[in-house]
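Please open the model in your viewer and keep the sequence panel beside it, since each stop on this tour begins with a selection and then says what is found there.

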Amino acid sequence: MKKLSVLLTLMMIVSILFAQEKKEVVLVGDIKCSFKNSEQYAKNVHDVIVQAFVEKGLHEVIDINTLSAVGQEIYRQSGEAAMNEANWKRLQEAGVKGADWVVTGTLSNYDAVPVKNDKGQVTGYGGKLNFVFKVTNLKDGTQKGMADIACSTFLSEKTKDAAIMKAVKNAKDKVIKKIKGIFPITAEIVEITAEKKGAARSLLIEAGSALGVQEGDQFKICEEKEFRGKKLIKEIGRIKVVEVQGDDFAECKVMKGGDKILADFNGELKIYAELIEREGPFGKGFPVKM
């Protein structure tokens with residue numbers, strides 16, 4: 001028991017020291033738009049996506065516009081495809097950080113609709129805007145996920161430009177929610193802390209308050225296998241957080257699949273926990289009180 005306590009303490013220290021290194025890197029690339037005079041709106045959409053990834057805090061975020069001319073050229077040359085070895089080497093030689101994922105997108109529609117009073121006079125404008133962004137793996141070119149965002153203003157603005165700009169700002173929360181879906185929180189199982197009759201009753205996962213984990217959160221336990229180079233992922237159980245233990249760990253009660261979880265863990269098969277999106281009285285994404 002004493003050895004286990006020392007091991008956990010060491011794991012916590014290592015986790016804190018290397019937290020930044022563990023983060024994957026997301027490069028937010030260009031948002032394209034073919035409409036006339038749309039450059040500023042496309043840039044604002046780009047900036048909102050950058051802000052959303054930064055606030056989510058799961059990745060190290062690079063804005064393509066902050067890179068050197070060489071870095072921008074290399075990433076734009078690769079686009080949404082896998083980056084070849086020559087370009088990886090050029091990045092390294094230029095001292096530009098290599099990204100794991102690239103975010104690209106398209107501003108598909110925007111408009112400012114006049115808001116009129118009872119006399120038919122225009123009192124302001126309501127903005128609306130649609131854009132799509134997708135996340136691509138730069139190592140193999142596979143698409144991780146895609147999101148279609150529709151946003152609008154809640155109140156009218158004095159000018160058309162102001163209305164559209166406000167609609168863009170209102171998109172940030174929606175982008176964050178989509179990021180959660182594309183990059184769900186996952187965690188390794190550190191240890192089985194209690195078992196009974198050949199089944200896990202409680203366990204410790206490597207995910208805590210630093211990732212926004214809360215008491216009452218539920219995770220599904222997934223088993224990952226490979227067949228002919230393809231991943232096979234199957235849910236084998238469910239757990240519920242009963243105590244968040246600092247930034248990096250949480251104690252969980254096993255709700256379902258304890259026998260399979262224990263067998264896979266002892267057999268050193270690849271299993272992990274994936275956060276199930278919270279669903280409260282106002283729909284998904286809102287905290288749930290347990």
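In what order do the strands of the open sheet of 5 strands lie? This is a predicted model, and in it the order of that open sheet is 2-1-3-4-5, with mixed pairing. To find its borders, select residues 60–63, which are strand 2, and residues 143–152, which are strand 5; these are the edge strands, and each of them pairs on one side only. If you look along the sheet, neighbouring strands are turned against each other by 25° on average, direction ignored.

Next, select residues 25–32 together with residues 101–116, that is, strand 1 and strand 3, which pair in the parallel sense over 5 bridges. Within this selection, Val 26 can be shown as sticks, and the residue standing opposite Val 26 in strand 3 is Trp 101. Then add residues 160–169, which form helix 6: this helix packs on the sheet and touches strand 3, strand 4 (122–137) and strand 5. The direction of helix 6 makes about 40° with that of strand 4.

Stay with strand 4 and pick Asn 137, which has its place in that strand. Is Asn 137 buried or exposed? With a relative accessibility of 14%, Asn 137 counts as buried, because the cut-off for a buried residue is under 20% relative accessible area. When neighbours within four places in sequence are left aside, Asn 137 is in contact with Asp 100, Trp 101 and Thr 142, and Trp 101 is the residue already met opposite Val 26.

Now move to Thr 153, which is found in the loop between strand 5 and helix 6. Thr 153 counts as buried at 12% relative accessibility, and a polar atom of its side chain lies 3.0 Å from the backbone nitrogen of Gly 127. If you expand the selection while not counting residues up to four places away in sequence, you will find that Thr 153 touches Gly 126, Gly 127, Ala 163, Lys 166, Ala 167 and Asn 170.

The following stops concern charged side chains. Side chains of opposite charge can pair when their charged atoms come close. How many salt bridges does a search of the whole structure find? The search finds 14 salt bridges, and one that involves the edge of the sheet is a good place to begin. Select Lys 97 and Glu 60, whose side chains meet in a salt bridge with an N to O distance of 3.8 Å. Lys 97 lies in the loop between helix 5 (85–93) and strand 3, whereas Glu 60 lies in strand 2, so this pair ties together parts that are 37 residues apart in sequence. Both ends of the pair are partly exposed, Lys 97 having a relative accessible area of 41% and Glu 60 one of 31%.

For another salt bridge, select Lys 260 and Glu 223, whose side chains meet with an N to O distance of 3.2 Å. Because Lys 260 lies in helix 8 (residues 258–266) and Glu 223 in strand 9 (residues 218–227), this pair, too, ties together parts that are 37 residues apart in sequence. Here Lys 260 counts as partly exposed at 31% relative accessibility, while Glu 223 counts as buried at 2%.

Keep Lys 260 selected and add Asp 264, with which Lys 260 forms a salt bridge whose closest N and O atoms are 3.3 Å apart. Since Lys 260 and Asp 264 are 4 residues apart in helix 8, about one helical turn separates them. Asp 264 counts as buried at 3% relative accessibility. Finally add Lys 225, and the selection holds a network of salt bridges that links Glu 223, Lys 225, Lys 260 and Asp 264.

A further acidic residue to visit is Glu 191, found in strand 7 (residues 189–196). Glu 191 is buried, with a relative accessible area of 14%. If you also select Glu 251, you will see that the C-alpha atoms of Glu 191 and Glu 251 are separated by 9.8 Å, although the two residues are 60 residues apart along the chain.

For the last stop, turn to cysteine. How many disulfides does the structure hold? The structure holds 0 disulfides. Select Cys 33, which counts as partly exposed at 22% relative accessibility, and then Cys 222, which is buried with a relative accessible area of 4%.

Methods. Residues are numbered from 1 along each chain as its sequence is written. This is a predicted model: local features need pLDDT of at least 70, side-chain atom pairs count only at pLDDT 80 or more; totals for chains, interfaces and linings use all residues. Side-chain values use heavy atoms; hydrogens and water are left out. Two strands pair if DSSP finds at least two bridges between them. Helices (H or I, at least four residues) and strands (E, at least two) are DSSP runs, numbered from the N terminus. Axes are lines fitted to C-alpha atoms, for helices over the stretch in contact, and angles run from 0 to 180 degrees between N-to-C directions. Contact means heavy atoms within 4.5 Å. Buried means under 20% relative accessible area, exposed over 50%, partly exposed in between (1.4 Å probe, protein chains only). A salt bridge is a side-chain nitrogen of Lys or Arg within 4 Å of a carboxyl oxygen of Asp or Glu. A polar contact is a pair of N or O atoms within 3.5 Å; within protein, one must be able to donate a hydrogen and the other to accept it, and residues adjacent in sequence count only if both atoms are side-chain atoms. A disulfide is a pair of cysteine sulfur atoms within 2.5 Å.
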